[in-house]
Amino acid sequence: FNTRILDDIGNIRSMSKSDIIKSLDSFGMSLFFLDDAYRSRTNWIICVASFTDEEKRLFIEICSEKFNLIGKPLKDTNYISFTSDSSKKIDSMILEVIPNDLDIVKDKIISKNRGNNEIQ
């Protein structure tokens, strides 16, 4: 993987945030959560500070419709928190599509859920 500008992702760079949100799949969601979210012992909280209010509403809607996840903005609307049940679904989604031996997966999911039999 190379972080320099790649022609291969030019089509993504030209998309609006709304179009990117609408096209998220489980792999894209997993990367987004691993990059921009925090996993507490019970909940995922994702930073959406770069989103407009409309994009935040769209993201919550897509999470619900495509992934059956329940999220709501926190008092600081730069963050969206997901319910405990939804957070478990996010864990499962990430563990299905991302190698489990990566440090970020171990740090954000596996070590946070040692007492949770569903994750082990």
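In these legends, a contact means heavy atoms within 4.5 Å.

**Figure 1. Welcome to the whole chain, shown as a predicted model.** Among contacts in the protein between residues at least 6 apart in sequence, 58% join residues at least 24 apart. The protein has six helices and four strands. Starting at the N terminus, you meet the elements in the order α-α-α-β-β-α-β-β-α-α. Of the 120 residues, 36% count as buried.

**Figure 2. A look at how confident the prediction is along the chain.** The average pLDDT of the protein is 84, and 84% of the residues score at least 70. Strand β4 has the highest confidence, at 98, while helix α1 (residues 10-13) has the lowest, with a mean of 69. Please take care with residues 114-120, where the pLDDT is below 50. Beyond near neighbours in sequence, this stretch has 11 contacts in the model.

**Figure 3. The open sheet and its four strands.** If you walk across the sheet, the strands come in the order β1-β2-β4-β3, and their pairing is antiparallel. At the edges sit β1 (37-39) and β3 (71-73), each of which pairs on one side only. On average, neighbouring strands of this sheet are turned by 25 degrees against each other, direction ignored.

**Figure 4. Strands β2 and β4, with a helix lying across them.** Strand β2 (residues 44-47) and strand β4 (residues 79-82) run antiparallel and are joined by three bridges. In one of these strands, β4, you can find serine 81, the bridge partner of isoleucine 45. Helix α3 (residues 26-36) lies across β1, β2 and β4. Relative to β2, helix α3 runs at about 85 degrees.

**Figure 5. Serine 81 and its surroundings.** This residue has its place in strand β4. Is serine 81 buried or exposed? Its relative accessibility is 13%, and buried means under 20%, so serine 81 counts as buried. Leaving aside residues up to four places away in sequence, serine 81 touches Asn43, Trp44, Ile45, Ile70, Gly71, Lys72 and Leu74. Isoleucine 45, the bridge partner of serine 81, is thus one of the residues that serine 81 touches. For a sense of scale, the C-alpha atoms of serine 81 and isoleucine 60 are separated by 10.0 Å, and these two residues are 21 residues apart along the chain.

**Figure 6. A cluster of aromatic rings.** Ring pairs link Phe32, Phe33, Trp44, Phe51, Phe59 and Phe82 into a cluster. The count for the structure comes to seven aromatic pairs. In one of them, phenylalanine 51 and phenylalanine 59 have ring centres 6.1 Å apart. Why is this pair called edge-to-face? The planes of the two rings stand at 75 degrees, and an angle over 60 counts as edge-to-face, so the pair earns that description. Both phenylalanine 51 and phenylalanine 59 are buried.

**Figure 7. Two cysteines with their exposure compared.** Cysteine 47 has a relative accessible area of 28%, and because this value falls between the 20% limit for buried and the 50% limit for exposed, cysteine 47 is partly exposed. Cysteine 63, by contrast, has 0% relative accessibility and counts as buried. How many disulfides does the model contain? The count comes to zero.

Technical notes: Residues numbered from 1 in each chain as written. Predicted model: local features only at pLDDT ≥ 70, side-chain atom pairs only at ≥ 80, totals over all residues. Heavy atoms only, no water. Pairing = 2+ DSSP bridges. Helix = DSSP H or I, 4+ residues; strand = E, 2+ residues; numbered from the N terminus. Axes fitted to C-alpha atoms, helices over the stretch in contact; angles between N-to-C directions. pLDDT = per-residue confidence, 0-100. Disulfide = S-S within 2.5 Å. Buried < 20%, exposed > 50% of the residue type's maximum accessible area, 1.4 Å probe, protein only. Phe/Tyr/Trp six-rings, centres within 6.5 Å; stacked < 30°, edge-to-face > 60°.
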